[in-house]
2 protein chains.
Amino acid sequence: MSTMTTASPDALAQRLADSGLRSTPQREVIYDVILRKRDHPTADEVYARVRADLPSISLATVYNCLETLVQCDLVRAVNFERAPTRYCPNLHPHAHFHDEQSGSIHDIQLPAELLEKISAVLPAGYDAKSLQITFRGKAQPAA
Amino acid sequence: MSTMTTASPDALAQRLADSGLRSTPQREVIYDVILRKRDHPTADEVYARVRADLPSISLATVYNCLETLVQCDLVRAVNFERAPTRYCPNLHPHAHFHDEQSGSIHDIQLPAELLEKISAVLPAGYDAKSLQITFRGKAQPAA
DNA sequence: CTTGCTACTTAGAACCATTCCAATTTGTTC
DNA sequence: GAACAAATTGGAATGGTTCTAAGTAGCAAG
């Protein structure tokens, strides 16, 4: 069983084809931007970065493509409070730490053992498809 | 040590006074509405319920009062994806289960022991002030 | 090729939860 | 009961996101 958790840029065309979708320059560049700098950019930030390569891309297309990538399970959308949605290429199950000072987001690795324990708190009849864990606080720049 | 986790309606005036704020009819009714039906209403839903008692209240006031109650630690604001903020009088540390079918929210009790284990995954230098855990999936109506 | 089909992109309008603003109203204090 | 501060109000503004209608691009027969 292949448990790929962060697809390579090449995987994009394949994944899209699997869903009957086309590989387009816009989709490729957007996916590449998200893989390159894994700082959980917002749609606006993606838009700004992508324009370096595709100066005439529209914001609507950025939203459309991001949605497509999420559908194809190549990218994950994460929300903090009501702030703009952020996009994350890390497909491992993981938590997020939201640094209040800098606004930056850090991925926090979660042991599988802990994930099981967390899911175990659900009463009978609850069938969870996804789990989101978010810390908020202060993070010191790691030494 | 008093670990009150769901204040009574009477606690409102006291808490407000502690923060140098006034107890107003609007704040009282809104707090009462949230205590009465603990189904995690949105601001709009609170607005609708409060108007039974205060027909001339404005939506802006509902937002203002909810914000005040959150500041005074009488109510918690919870967000799911980018859906409207919901309000919750349960001040225990707890997780939420978001039922995709009905859209309803269920509180999930978390053992203190598990909370500790979760916080323990944070690397040195990370100081979490709050933790949010959200499940999404299907919940059967409990027997 | 070229006509037709469908997917994709685009600009701008629309949406909607929330916040802001400026003007009252209310309550409290001297 | 004048004066000051706090709270409420309606409506306008904000901002991330989605919608819409029109245009573009790529492929598939004929």
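In the predicted model, the surface near DNA strand D draws most heavily on α4(B), which supplies four residues. In total, 17 residues surround DNA strand D, and A:Tyr63, A:Thr85, B:Thr24, B:Arg27 and B:Thr61 are the closest. Of the atoms of DNA strand D that come within 4 Å of the protein, sugar and phosphate account for 79%. Phosphate oxygens of this strand are approached by both side-chain and backbone atoms: a polar side-chain atom of B:Thr24 lies 2.5 Å from one phosphate oxygen of DNA strand D, a polar backbone atom of A:Thr85 is 2.8 Å from a phosphate oxygen, and for a backbone N or O atom of B:Ser58 the corresponding distance is 3.3 Å. Two or more residues of the surface near DNA strand D are contributed by each of α4 (59–71) of chain A, α2 (25–36) of chain B and α4 (59–71) of chain B. When the residues of this surface are sorted by class, seven are nonpolar, seven are polar and three are charged.

DNA strand C is surrounded by 20 residues, of which A:Arg22, A:Thr24, A:Thr61, B:Tyr63 and B:Thr85 come nearest. Sugar or phosphate atoms make up 77% of the atoms of DNA strand C within 4 Å of the protein, and the remainder belong to bases. With regard to the phosphate groups, an N or O atom in the side chain of A:Thr61 is 2.6 Å from a phosphate oxygen of DNA strand C, while a backbone N or O atom of A:Arg22 lies 2.7 Å from a phosphate oxygen of that strand. A polar backbone atom of A:Ser56 is likewise found 3.3 Å from a phosphate oxygen of DNA strand C. The elements that give two or more residues to the surface near DNA strand C are α2 and α4 of chain A, together with α4 of chain B; the largest share, four residues, comes from α4(A). By class, this surface comprises eight nonpolar, seven polar and five charged residues.

The two protein chains also contact each other, with 36 residues taken from chain A and 36 residues from chain B. The size of an interface is often expressed as the accessible area that is lost when the parts come together. Between chain A and chain B, the buried area is about 3,100 Å², and carbon and sulfur atoms give 58% of it. On the side of chain A, the residues that lose the most area to chain B are A:Arg82, A:Tyr126 and A:Phe135, which together represent 20% of what that side buries.

Polar interactions across the interface of chain A and chain B include 17 residue pairs in polar contact, with both residues of each pair at pLDDT 80 or more. Two salt bridges are also found across this interface, and A:Lys129 forms a salt bridge with B:Glu100 in which the closest N and O atoms are 2.9 Å apart. The elements that give two or more residues to the side of chain A that touches chain B are β4 (105–109), α5 (112–119) and β5 (126–139) of chain A. Of these elements, β5(A) provides the largest share of that side, 14 residues. The side of chain A that touches chain B has 17 nonpolar, 11 polar and eight charged residues.

Strand pairing also links the two chains, in that β5(A) and strand β5 (residues 126–139) of chain B run antiparallel and are joined by 13 bridges. Within this pairing, B:Ser130 in β5(B) is the bridge partner of A:Arg136.

As to the architecture of chain A, five helices and five strands are assigned, and their order along the sequence follows the pattern α-α-α-α-β-β-β-β-α-β. The C-alpha trace of chain A spans about 50 × 40 × 30 Å along its principal axes. Side chains of opposite charge can pair when their charged atoms come close. Over all chains, the structure holds 14 salt bridges. One salt bridge in chain A is formed by A:Arg36 with A:Asp32, the closest N and O atoms being 2.1 Å apart. Both A:Arg36 and A:Asp32 belong to helix α2 (residues 25–36) of chain A, where they are four residues apart, about one turn of the helix.

Terms used
Residues are numbered from 1 along each chain as its sequence is written. Chains are lettered from A and ligands numbered from 1 in the order in which they are written. This is a predicted model: local features need pLDDT of at least 70, side-chain atom pairs count only at pLDDT 80 or more; totals for chains, interfaces and linings use all residues. Side-chain values use heavy atoms; hydrogens and water are left out. A residue is near a molecule or strand if one of its heavy atoms lies within 4 Å of it. A polar contact is a pair of N or O atoms within 3.5 Å; within protein, one must be able to donate a hydrogen and the other to accept it, and residues adjacent in sequence count only if both atoms are side-chain atoms. Ala, Val, Leu, Ile, Met, Phe, Trp, Tyr, Cys and Pro count as nonpolar, Asp, Glu, Lys and Arg as charged, and the others, Gly among them, as polar. Contact means heavy atoms within 4.5 Å. Buried area is the accessible area (1.4 Å probe) that two parts lose on being put together, summed over both. A salt bridge is a side-chain nitrogen of Lys or Arg within 4 Å of a carboxyl oxygen of Asp or Glu. Two strands pair if DSSP finds at least two bridges between them.
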